Amino acid sequence: MARVFSGIQPSGELHIGNYLGAVENWVRLQHQHDCLFSVVDLHAITQAYDPATLSQRTIDMAVGLFASGLDSERAIVFVQSHVPEHAELNWLLNTVTPLGELERQTQFKDKAQRQESVPAGLLNYPVLQAADVLLYEATLVPVGEDQLQHLELMREIARRWNSRFADGFTFPEPQALLSTAKRVLGLDGQAKMSKSLGNTIGLFESPETIWEKLKPAATDPARVTRKDPGNPDVCNIFTIHQGFSPPDTIKLVAHNCRTAGWGCLDCKRVLADNMIAALTPIRERAEALRAKPRTVTDLLRGGAAKARAIARRTMGQVRRRMGLLGEADG
Ligand code: TRP
């Protein structure tokens, strides 16, 4: 069975963009592969953040993952910093990572540009990401297109380590598993859906709030009046329909949009019904998990123990091949 690894930053409560773009797919993958999914708190601290809320955001993210259907019996779900081997392998891989490749990463350039003082951790972010995956010898990495450059670098790091140190043990070169879901924009229809932009629908939102948020949400900007035909291909609401509505409804929506048979509000009402039907069980599971906060931390502790058992084995191989003296060596 192929091993899968992916990570998500502890941004707090999941929104429908995270769900349709990543988590829904993870839930499917746990039935097909040997999966590890991590809340990557060590990545989150590479940019300005509030230490007072990080642990709660980590819990909230974990609640969202379990409520969405990740199952601790099927997948290893854990918090990255609970497995210190991530940081250790990150350091060891730093020694085979070319600085020029790190400086060339577009995400680094974007983020660095917005900062007065650039921490080295931001530059090394993709090396930690490589450590995340290689630690478990995972071969499949479900990610969005924005991560492809990091994946290519990860493969390069694996190749370099292998050519320098391999001797019976090699890191496999991981492959990206690109999600086919179209990227959901924020309710403004402009930027990507993101908590910091306040343009999201949260996964645990009440039916009333879902409708309140959908009502004013951006649609095809060229559709000014009720009688104008619309173009679903450029409508973010149509993209969200594709995530929540059954195929027949999606066809009907597209037809009624193009012919102006429905107005945007008609279309949104159908979407709201389907979203509410899909999200209600998720919200209820989240409420049940929250009512017993120990369950989530217990699940995470169990996940970390399983992850750590694999991580320790890999680190034993890596340390020895890199020539580090073992504590137990005579
Ligand atoms: N950088 C990824 C993102 O922002 C999150 C991440 C961290 C990740 N480590 C990973 C994704 C390992 C895949 C594999 O989305």
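How many salt bridges does the structure hold? The count is 19 in this model, which is a predicted one. A few of these pairs make a helpful starting point for a tour of the fold. As background, side chains of opposite charge can pair when their charged atoms come close.

One salt bridge joins Arg308 to Glu85, with their closest N and O atoms 3.1 Å apart. Arg308 belongs to helix H13 and Glu85 to helix H4, so this pair ties together parts of the chain separated by 223 residues in sequence. The two partners can also be described by their surroundings. Arg308 is partly exposed, at a relative accessible area of 26%, whereas Glu85 is buried, at 5%.

Glu85 leads naturally to the rest of its helix. Helix H4 spans residues 85-94, and its buried residues are Glu85, His86, Leu89, Asn90, Leu92 and Leu93. Viewed down the axis of H4, these buried residues fall within an arc of 170 degrees, so they line one face of the helix. Their cover includes two strands, E1 (3-8) and E3 (75-79), together with helices H7 (120-134), H8 (148-165) and H13 (293-321).

Helix H8, named among the elements covering H4, has salt bridges of its own. Within H8, Arg160 and Glu156 sit 4 residues apart, about one turn of the helix. Their side chains meet in a salt bridge with an N to O distance of 2.7 Å, and Arg160 counts as partly exposed at 38% relative accessibility. A further salt bridge brings together the side chains of Glu173 and Arg155, at 3.7 Å from N to O. Here Arg155 lies in helix H8, while Glu173 lies in the loop between H8 and strand E5 (175-178), so the pair ties together parts that are 18 residues apart in sequence. Glu173 is partly exposed, with a relative accessible area of 32%, but Arg155 counts as buried at 18%. Through shared partners, salt bridges join Glu152, Arg155, Glu156, Arg159, Arg160 and Glu173 into one network.

Strand E1, another part of the cover over H4, also takes part in strand pairing. E1 and strand E2 (residues 34-39) pair in the parallel sense over 6 bridges. In this pairing, Ser6 has Phe37 of E2 as its bridge partner. Between the two strands, the chain passes through helix H1 (residues 16-29), making a β-α-β crossover that is right-handed.

Elsewhere, helix H9 (residues 207-214) offers another example of a buried helix face. Which residues of H9 are buried? They are Ile210, Trp211 and Leu214. Seen down the H9 axis, the buried residues fall within an arc of 95 degrees, so they too line one face of their helix. Helices H10 (236-244) and H12 (264-291) are among what covers them.

The cysteines complete the picture. A search of the whole structure finds 0 disulfides. For Cys264, the nearest cysteine sulfur is that of Cys235, 6.1 Å away, and Cys264 is in no disulfide because a disulfide needs two cysteine sulfur atoms within 2.5 Å. Cys264 is partly exposed, with a relative accessible area of 25%. Cys267 is likewise in no disulfide, and its nearest cysteine sulfur, again that of Cys235, is 6.2 Å away. Cys267 counts as buried, at 13% relative accessibility.

Methods:
Residues numbered from 1 in each chain as written. Predicted model: local features only at pLDDT ≥ 70, side-chain atom pairs only at ≥ 80, totals over all residues. Heavy atoms only, no water. Buried < 20%, exposed > 50% of the residue type's maximum accessible area, 1.4 Å probe, protein only. Arc of directions from axis to C-beta. Contact = heavy atoms within 4.5 Å. Pairing = 2+ DSSP bridges. Right-handed = clockwise from strand over helix to strand, strands pointing away. Salt bridge = Lys/Arg side-chain N within 4 Å of Asp/Glu carboxyl O.
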